[in-house]
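Let's work through some exercises on aromatic ring pairs. Keep the structure open and try each task before you read its solution.

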Amino acid sequence: QPKVTDIIPAGGIKEANLLRYAYSLEIKSEHPLAKAINDYAVEKGITPLDTTAFTVASGNGLSAVMDGKKAVGGNRKYIAKVARISREMSEKVDQLSGEGKTPLLFALDGKLMGIIAVADVIKEDSAEAIRRLKQMGIYTVMLTGDNEKTAKAIGALAGVDEVVAGVLPSGKEAVITKLMEHGKVAMVGDGINDAPALTRADTGIAIGAGTDVAIDAADVVVMKSNLTDVAAAIRLSRQTLKNIHENLFWAFFYNVIGIPLAAGCYVKLFGWSMNPMFGAAAMSLSSFCVVTNALRLNLFKLYDKSKYAAAKKLFNKEEPINGPLIHQEATEDKEATYKEENMARVFKVEGMMCPHCEKAVKRAVEALAEGIEVVADHTACTVTVTGADDIDIDAIKAAVESEDFTFVGEE
């Protein structure tokens, strides 16, 4: 059950306003992190605003229009496309992520409102479940759309072999496909975003408390919603398969000898024959043995911790996997992706009256450096510059004023 841990408004924004806009956005989402914000807002007595044009950017964030303004919420990569994130706020995001929290950023009309951090405390049985899976020789991978720092912090607590972070729903399915190159794959999930991966895996295991879509997509449903039941289910399935193999062996062995004997095939060779009454009794005894062997599963101790290592010896014939198996490119958390020069800076410029004015300003600012992107908007009286963090503000001011427009300052 994720909980709100930190609320960090941007300069000039009141905490209550940040929470109200965030609540108004997240109230229409079924994501667990959204529920954490909604519960916190209800606890604080916040009332949501009316929203229109609500859209979901799968795996990234949400957007909607309220009070005639466009509000956006989501991860840092998503928000950086619509609003400038200052170095100070970017450092806050890194700090929160390093603490195992998930920072959600919110912007209104292209201006950052602040950060709401949510922490999902690891369930008590999760680490034990992972330990049991590893005892059975199963390589464990955690797939999450969360940022890399938070994911690695949680992954370390759980004890998983590998963490794959920052993946969208389609990305989870792609990771499952890649893992299937190394052997049989079971996917455990509970959300609508997990459905494609649950379907793709050799075995999909849904958590009983999860969404209906995930349950419908899975092959197995763990009703108690405990991860230890995942390990128990795998061990039970292996024991069942072992039992089936035993029954098949004895059934074939018994019939290969008994049927020719009952048919008189051994009379000429060895003088062996069988009274039909004994044959009928022997056939009943065969069924009795097979059924009795199957019923031994009733004595199976599902949660016996000492038995998990034995399951590894029984079924794992191959060499253990040495990861990592998935080689990720730089994710949203890495410095190379989120250097300040990749963030937008917005400047107030007065005097632009038409698209021709916009082109003049755009041309003048772009001449300052290669690789920067400039968007001028005469209706909003703004100039948005991306990739210009190393350019001094006085140089931008001089470029704008060289075209006879008034440079007001940076927003």
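**Exercise 1.** Is F347 buried or exposed, and how does its ring pair with F407?

*Solution.* Start with F347: its relative accessible area is 1%, so F347 is buried (buried means under 20% relative accessible area, exposed over 50%, partly exposed in between, with a 1.4 Å probe and protein chains only). F407 is buried too, at 10%.

Before going on, note that this is a predicted model, where local features need pLDDT of at least 70, side-chain atom pairs count only at pLDDT 80 or more, and totals for chains, interfaces and linings use all residues. Residues are numbered from 1 along each chain as its sequence is written, and side-chain values use heavy atoms, leaving out hydrogens and water.

Next, the geometry: the rings of F347 and F407 are 5.8 Å apart centre to centre, with 40 degrees between the planes, a tilted pair. Rings of Phe, Tyr and Trp (its six-membered ring) pair if their centres lie within 6.5 Å; planes under 30 degrees apart are stacked, over 60 edge-to-face, and the rest tilted.

Finally, F347 sits in strand β12 (residues 344-350) and F407 in strand β15 (residues 406-410), 60 residues apart, so the pair links distant parts of the chain. Strands (E, at least two residues) and helices (H or I, at least four) are DSSP runs, numbered from the N terminus.

**Exercise 2.** How many aromatic pairs does the structure hold, and how are F249 and F253 arranged?

*Solution.* The count is four. F249 and F253 are stacked, at 5.9 Å and 15 degrees. Both belong to helix α10 (residues 228-262); because they are four residues apart, about one helical turn separates them. F249 is partly exposed at 48% relative accessibility, as is F253 at 44%. Ring pairs link F249, W250 and F253 into a cluster.
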